[in-house]
Amino acid sequence: MTRAVRPNGTDMNAFDVIGLSTAGEGISQKAVEIGHVLGFPITNSMVVTWAVALGLILFARLATRQMNRVPSGAQNLFEWLVEALYGLLESIIGAHLTRKTFWFFATIFIFILAANWMALIPGVGTIGWGHQTDHGFVIDEPLLRGANADLNLTLAMALIFFVLWIVWALQEVGVRGMAKELFGAKGETTGFMKPILMVVFLAAGLLEIVSILFRPISLSFRLYGNVFAGENMLETMSTIVPGLGWLLPIPFYFMELLVGLVQALVFMLLTAVFTLLICQHHEEPAHAAAHARG
């Protein structure tokens with residue numbers, strides 16, 4: 001048996017650059033360390049994350065390097081994408097909030113979409129280190145892993161939104177406005193029902209705080225779970241029938257392209273709606289109209 005070494009310095013019984021997982025071998029639920037830089041661990045999902053970020057930066061630079069009045073090529077695609085996202089967000093959260101938050105929501109959508117689709121490129125998850133079995137070569141440690149199939153990344157994005165959500169809410173309505181939105185009685189109530197409803201809305205506000213605290217968890221697990229489930233489905237289709245591993249996954253690749261788009265939209269729209277719910281101003285019609293014009 002041959003002796004080989006991974007990039008992180010540990011031994012393996014066998015090494016190869018390309019291999020296929022066999023039936024019964026599932027994808028690891030967490031990213032795998034493939035090396036260290038200055039003592040900092042580097043995982044296979046981090047490599048894909050950096051590749052996606054670098055690719056998007058290069059595309060944006062290429063598309064805006066020479067702006068023309070009549071766009072074409074990369075500039076045309078870039079402007080169409082930005083205008084479509086801006087129009088969608090403006091129709092949901094309004095012009096004022098869109099101007100303030102568009103930079104984040106557009107970036108998060110484009111990044112998640114690019115990361116989801118890059119995970120479908122042949123070689124992601126099938127190139128790496130493993131061992132030989134009776135059914136073929138099994139990948140134990142893929143060199144590349146889908147970025148959003150790593151819970152660390154999805155949780156980091158959700159936590160960044162949570163911090164921005166607090167900042168935007170404080171800027172728009174202040175501490176008093178947030179407290180009123182969470183605990184204030186809705187509508188006009190008088191008489192003996194007023195104190196009862198105050199208690200009810202106080203209890204509802206406490207429940208809302210718990211819900212808000214759990215939003216980063218739900219956002220991160222929703223994206224991670226759907227992407228990870230898709231990768232496992234493709235893995236299963238490629239190994240379920242020996243000899244047809246190249247054919248069976250093809251229809252599911254098209255489905256995963258759609259799922260990748262839907263999950264990017266869901267993440268963006270959920271975060272946008274959460275922002276709208278806390279940042280909306282409850283004003284009289286005349287004041288609201290004046291604020292919109294301002």
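Me: In what order do the elements of the chain run from the N terminus on?

Reply: Helices and strands here are DSSP runs numbered from the N terminus, helices being H or I runs of at least four residues and strands E runs of at least two. In this chain the elements run β-β-β-β-α-α-β-β-α-α-α-α-α, and they come to seven helices and six strands. Please keep in mind that this is a predicted model, in which local features need pLDDT of at least 70 and side-chain atom pairs count only at pLDDT 80 or more, while totals for chains, interfaces and linings use all residues. Residues are numbered from 1 along each chain as its sequence is written, and side-chain values use heavy atoms, with hydrogens and water left out.

Me: Why does the distance between the end C-alpha atoms of helix α1 agree with its 20 residues?

Reply: The expected span of a helix is 1.5 Å times one less than its number of residues. Helix α1 covers residues 44–63, so its 20 residues should span 28 Å, and its end C-alpha atoms are 29 Å apart, which agrees.

Me: Which residues of α1 are buried?

Reply: A residue is called buried under 20% relative accessible area, exposed over 50% and partly exposed in between, using a 1.4 Å probe and protein chains only. An α-helix has 3.6 residues a turn, so residues three or four places apart point the same way. In α1 the buried residues are N44, S45, M46, V48, T49, V52 and A63, and across the chain buried residues make up 35% of the 294 residues.

Me: Which residues have the most contacts inside the largest nonpolar core?

Reply: A nonpolar core is a set of buried Ala, Val, Leu, Ile, Met, Phe, Trp, Tyr and Cys residues joined through side-chain atoms within 4.5 Å. The largest one has 40 residues, and F105, I112, M157 and F161 have the most contacts inside it. Its largest share, 14 residues, comes from α2.

Me: With which residues is F105 in contact, leaving aside its neighbours within four places in sequence?

Reply: Contact means heavy atoms within 4.5 Å, and on that basis F105 touches L89, I93, F161, W168, M268, T271, A272 and T275.

Me: How is the aromatic pair of F104 and F105 arranged?

Reply: Rings of Phe, Tyr and Trp (its six-membered ring) pair if their centres lie within 6.5 Å, and planes under 30 degrees apart count as stacked, over 60 as edge-to-face and the rest as tilted. A search of the whole structure finds eleven aromatic pairs; F104 and F105 form an edge-to-face one, at 5.6 Å centre to centre with 65 degrees between the planes. Both F104 and F105 are buried, and they belong to one aromatic cluster with W103, F161 and W168.
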